[in-house]
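Colleague: I would like a close look at a single part of this protein, namely the side-chain pairs that link pieces of the chain. Could you take me through them in one connected account, with what surrounds them?

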Amino acid sequence: MKDTSQKRKGQMGFPEIRRQPIDQLNEVKIDTQLSEGTMKIGEYVLPGKRDDIILIMGHLCHPGQADDGLSGVATGIQIFRELALLENREYTYMLLIVPETIGSVGYLWKRPEIISKVKYGIFLE
């Protein structure tokens, strides 16, 4: 695997980019590659009378940023604690805890049968 973390001639890091005038155009090149691996997710389902899903998502991909990812995860868990107390849930509720954007894309790519069942979605940011 190629290490692209080192700055090359002409590259700027975030501090240098922030100092650029707002109206200045910059060219951006993003090197990516697809590789085998795993993505850890959390999934919890509370069944309802219907197969229709209300999807509630939180993300855990920003270590040390409790106000960004962890607060949404904690809120989702508390919502599910309350929903678990309901005896006659109409909808099925699904809590997903994934890496932000790529996590939901990857999850739905592996579980396409869920897409048509999702009627509502809430992303807890």
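Modeller: A residue is called buried here when its relative accessible area is under 20%, exposed when it is over 50%, and partly exposed in between. With that in hand, and bearing in mind that this is a predicted model, one can say that buried residues make up 26% of the 125 residues in the protein. The surface that the protein exposes comes to about 9900 Å², and carbon and sulfur atoms supply 56% of it.

The frame in which the pairs sit consists of three helices and four strands, which follow one another from the N terminus in the order α-β-β-α-β-α-β. Among the contacts with a separation of 6 or more, 77% are between residues 24 or more positions apart, and several of the pairs below also reach across the sequence.

I begin with the charged pairs. Side chains of opposite charge can pair when their charged atoms come close. The count in this model comes to four salt bridges. One of them joins Glu43 and Arg111, whose closest N and O atoms are 3.0 Å apart. This pair links distant parts of the chain, since Glu43 belongs to strand β1 (residues 42-46) while Arg111 lies in the loop between α3 (100-110) and β4 (118-123), 68 residues apart. Both partners are partly exposed, Glu43 with a relative accessible area of 39% and Arg111 with one of 29%.

Arg50 takes part in two of the contacts of this kind, and they are best read together. With Asp52 the side chain of Arg50 forms a salt bridge at 2.6 Å, N to O; Asp52 is buried, because its relative accessible area is 17%, whereas Arg50, at 32%, counts as partly exposed. The side chain of Arg50 also meets that of Glu90 in a salt bridge, here at 3.9 Å, N to O. Because Arg50 lies in the loop between β1 and β2 (53-59) and Glu90 in the loop between α2 (66-84) and β3 (92-98), this pair ties together parts that are 40 residues apart in sequence. Glu90 is partly exposed as well, with a relative accessibility of 37%. Returning to the partners of Arg111, salt bridges that share partners join Glu43, Arg111 and Glu113 into one network.

The aromatic side chains add a further set of links. A search of the whole structure finds two aromatic pairs. In one, Tyr44 and Phe80 are arranged edge-to-face, with 6.1 Å from centre to centre and 75° between the planes. Tyr44 lies in strand β1 and Phe80 in helix α2, so this pair ties together parts that are 36 residues apart in sequence. The two rings differ in their surroundings, for Tyr44 counts as partly exposed at 44% relative accessibility, while Phe80 counts as buried at 4%. The other pair, Tyr91 with Tyr120, is also edge-to-face, its centres being 6.0 Å apart and its planes 80° from one another. Since Tyr91 lies in the loop between α2 and β3 and Tyr120 in strand β4, the pair ties together parts that are 29 residues apart in sequence. Here Tyr91 counts as buried at 18% relative accessibility, and Tyr120 counts as partly exposed at 48%.

Taken by element, then, strand β1 holds Glu43, which pairs with a residue in the loop between α3 and β4, and also Tyr44, which pairs with a residue in helix α2.

Conventions. Residues numbered from 1 in each chain as written. Predicted model: local features only at pLDDT ≥ 70, side-chain atom pairs only at ≥ 80, totals over all residues. Heavy atoms only, no water. Helix = DSSP H or I, 4+ residues; strand = E, 2+ residues; numbered from the N terminus. Buried < 20%, exposed > 50% of the residue type's maximum accessible area, 1.4 Å probe, protein only. Contact = heavy atoms within 4.5 Å. Areas by Shrake-Rupley, 256 points an atom, 1.4 Å probe, with all protein chains shown as cover. Phe/Tyr/Trp six-rings, centres within 6.5 Å; stacked < 30°, edge-to-face > 60°.
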